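Here's a quick walk through this chain, from the overall fold down to a couple of cysteines and one loop residue. Have the model open as you read.

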Amino acid sequence: MKKNQKITKDGYELIGFPMETMNITQGNNGQLSHKGVNALDIAGKDTGIEPTYAPVSMHLVATDSYANGNAVFMESDKKVMFADGTIDYATFMFLHDNYIADIAQVKKFAQGQEFGDEGTAGYATGNHCHFEVAKGKFKHMYDRNGYGTYYLPGSISADKACVIDGTTVKNGNGMAWKKSDQIGGSQPTTKDPYTTNLKWIQENGTATFTRDKIRIHKDTPDGEVIGGVTYKSGQSVRYIAKCAYKGHRWVKYVRQSGGYGVVAVSGSEVHGKDPWATFK
């Protein structure tokens, strides 16, 4: 996005890409420092230091030390629209800005406002911005996966969050970037592109399972079952849509590895009957 650019749809701010030039030098599940996580290293048009812009109207919630990359954690002021069409709060992590005292002092930034820069703070080679985005409000600074990689809790692929209005794409890393006119908006129901007569109702919530061995399907209830992975009683998932289909009620969520996961939350298509999960 460009400086002071506003990107909205259906009364919500759309999440803008945080730099004017997209030059991704390491993407999701990168073999250097992104193994197993959704994260982008973004360089600008050249090797110099270029500014970062607020993807949405946002406020500071946490920072970390220079040794840890001068990490800056932001949360959207209101619910915003993601590039996948869902509505929720957004949390962001930015790393490697060489100087963040000004960010800590200002604390609040309007969409499109310049707030930071590329840099090399922490363990960085060459000026760039490390960027991660998650759905929902800020939880805590980091989680750590089995590869030892630290990441923003719940982070999703950035192309499912950000639109590229005003951004020059130099290297998009082969990802499915969209502009605002390609976003479907907040329609109350959508027809699943894979399965005939299946309608999803968009809804953001958390389902906590009350039984074990809940299987995960890819993209739709008719999709491939993911082998060796199930949900257990007490585990939760943040979902973005729900439906009734083939004798069950289902919820859909965005998988960290990309695409959607679909799980059954009831043994009946009738709301409130034979529940397999609780909701909030």
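A contact here means heavy atoms within 4.5 Å. Keep in mind that this is a predicted model.

With that cut-off in hand, take I164. Leaving aside neighbours within four places in sequence, I164 is in contact with F17, M22, V169, W177, K178 and K179. Where does I164 lie? I164 sits in the loop between β18 (162-163) and β19 (168-171). Loop or not, I164 counts as buried, because its relative accessible area is 9%, and buried means under 20%.

Now for the cysteines. How many disulfides does the chain have? The count comes to zero. C129, for one, is in no disulfide, and the nearest cysteine sulfur, that of C162, is 11 Å away. Seen from the other side, the sulfur of C162 has its closest cysteine sulfur in C129, and at 11 Å that is too far for a bond, because a disulfide needs the two sulfur atoms within 2.5 Å. Are these cysteines buried or exposed? C129 is buried, with a relative accessible area of 1%, and C162 is buried too, at 0%. As for C129 and I164, they are 35 residues apart along the chain, and their C-alpha atoms are separated by 16 Å.

Here are the three residues side by side:

| Residue | Relative accessible area | Status |
|---|---|---|
| C129 | 1% | buried |
| C162 | 0% | buried |
| I164 | 9% | buried |

Stepping back to the whole chain, the secondary structure comes to one helix and 27 strands. The C-alpha trace spans about 55 × 40 × 35 Å along its principal axes. How does the radius of gyration fit a compact globule? For 280 residues, such a globule would have a value near 19 Å, and the chain agrees, with 19 Å.

On the packing side, 51% of the 280 residues count as buried. Look at contacts between residues at least 6 apart in sequence, and you'll find that 61% of them join residues at least 24 apart.

What about the outside? The accessible surface comes to about 13,100 Å², and carbon and sulfur atoms account for 48% of that. For charge, the chain carries 33 positive and 29 negative side chains, with the centres of the two sets 7 Å apart.

Methods. Residues are numbered from 1 along each chain as its sequence is written. This is a predicted model: local features need pLDDT of at least 70, side-chain atom pairs count only at pLDDT 80 or more; totals for chains, interfaces and linings use all residues. Side-chain values use heavy atoms; hydrogens and water are left out. Buried means under 20% relative accessible area, exposed over 50%, partly exposed in between (1.4 Å probe, protein chains only). Helices (H or I, at least four residues) and strands (E, at least two) are DSSP runs, numbered from the N terminus. The radius of gyration is taken over C-alpha atoms; the globule rule is 2.2 Å times the number of residues to the power 0.38. Accessible areas come from the Shrake-Rupley method with a 1.4 Å probe; for residues, only the protein chains shown count as cover. Lys and Arg count as positive and Asp and Glu as negative; His and the chain ends are not counted. The place of a charge is taken as NZ of Lys, CZ of Arg, CG of Asp or CD of Glu.
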